[in-house]
Amino acid sequence: MTDPIADYLTRLRNAIKANHRVVEIPASNLKKEMTRILHEKGYILNYKYVEEGPQGTIKIALKYDPVNKVNSIKKLIRVSTPGLRQYVGYKDMPRVLNGLGIAILSTSKGVMTNKEADDLKVGGEVICYIY
């Protein structure tokens, strides 16, 4: 697999379109951090790391509105790809949906959202936009 992050986002996107409650994704440290951020920001209901096999899996419980049956994640957009990396400085931090969405960045201080990176005044590689 050449782009595991794109695979992660595609599995989430497909599970949302199919109205699945739980999705299983092969684990890596970056995917674990992205999942933690999604949980902290309220985009997913819960997650669990299962250590089976050589790398383990992440089980993600998706979050739906009980009345309208609409998922809390509207769009997942991959920004930086293996063929074209996208880096930003802290002065050029992206704003997603005028501050309503988040951008996940990989910085020298770890994986974090655009707001956290802006507060710490660090730049990095923009992994994806979520809203």
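Strand 2 and strand 3 run antiparallel, joined by 6 bridges. One pairing to look for is Y49, whose bridge partner in strand 3 is I58. Keep in mind that this is a predicted model.

Now widen the view to the sheet. It is an open sheet of 3 strands, in the order 1-3-2, with antiparallel pairing. Strand 1 and strand 2 (44-50) are the edge strands, and each of them pairs on one side only. Neighbouring strands are turned by 20° against each other on average, direction ignored.

Two helices pack on this sheet. Helix 1 touches strand 1 and strand 3. The direction of helix 1 makes about 165° with that of strand 1. Helix 2 touches strand 1, strand 2 and strand 3. The direction of helix 2 makes about 150° with that of strand 2.

Follow helix 1 along its length. It covers residues 4-17, which is 14 residues. At 1.5 Å a residue, helix 1 should span 20 Å. Its end C-alpha atoms are 20 Å apart, so the expected span and the model agree. Just after helix 1, N19 takes a positive phi of about 55°.

Which residues of helix 1 are buried? They are I5, D7, Y8, L9, L12, A15 and I16. What covers them includes strand 1 (22-26), helix 2 (29-40), strand 3 (57-62), strand 4 (76-78) and strand 8 (124-130).

Next comes the largest nonpolar core, with 26 residues. Y8, L12, M34, I60, L62, I104 and I130 touch the most other members. Helix 1, strand 1, helix 2, strand 3, strand 6 (102-107) and strand 8 each supply at least two residues of this core. Helix 1 gives the largest share, 6 residues. Apart from this core lies another, of 8 residues, among them M93, L105, A117 and V126.

Y8 is a good residue to zoom in on. Not counting residues up to four places away in sequence, Y8 touches I25, K31, M34, T35, L38 and I60.

Finish at N114. This residue lies in helix 3 (residues 114-120). Is N114 buried or exposed? Its relative accessibility is 5%. Buried means under 20%, so N114 counts as buried. What is N114 in contact with, leaving aside its neighbours within four places in sequence? The list is M93, P94, R95, V96, I102, A103 and L105.

Conventions. Residues numbered from 1 in each chain as written. Predicted model: local features only at pLDDT ≥ 70, side-chain atom pairs only at ≥ 80, totals over all residues. Heavy atoms only, no water. Helix = DSSP H or I, 4+ residues; strand = E, 2+ residues; numbered from the N terminus. Expected span 1.5 Å × (residues − 1). Buried < 20%, exposed > 50% of the residue type's maximum accessible area, 1.4 Å probe, protein only. Contact = heavy atoms within 4.5 Å. Core = buried A, V, L, I, M, F, W, Y, C linked by side-chain atoms within 4.5 Å. Pairing = 2+ DSSP bridges. Axes fitted to C-alpha atoms, helices over the stretch in contact; angles between N-to-C directions.
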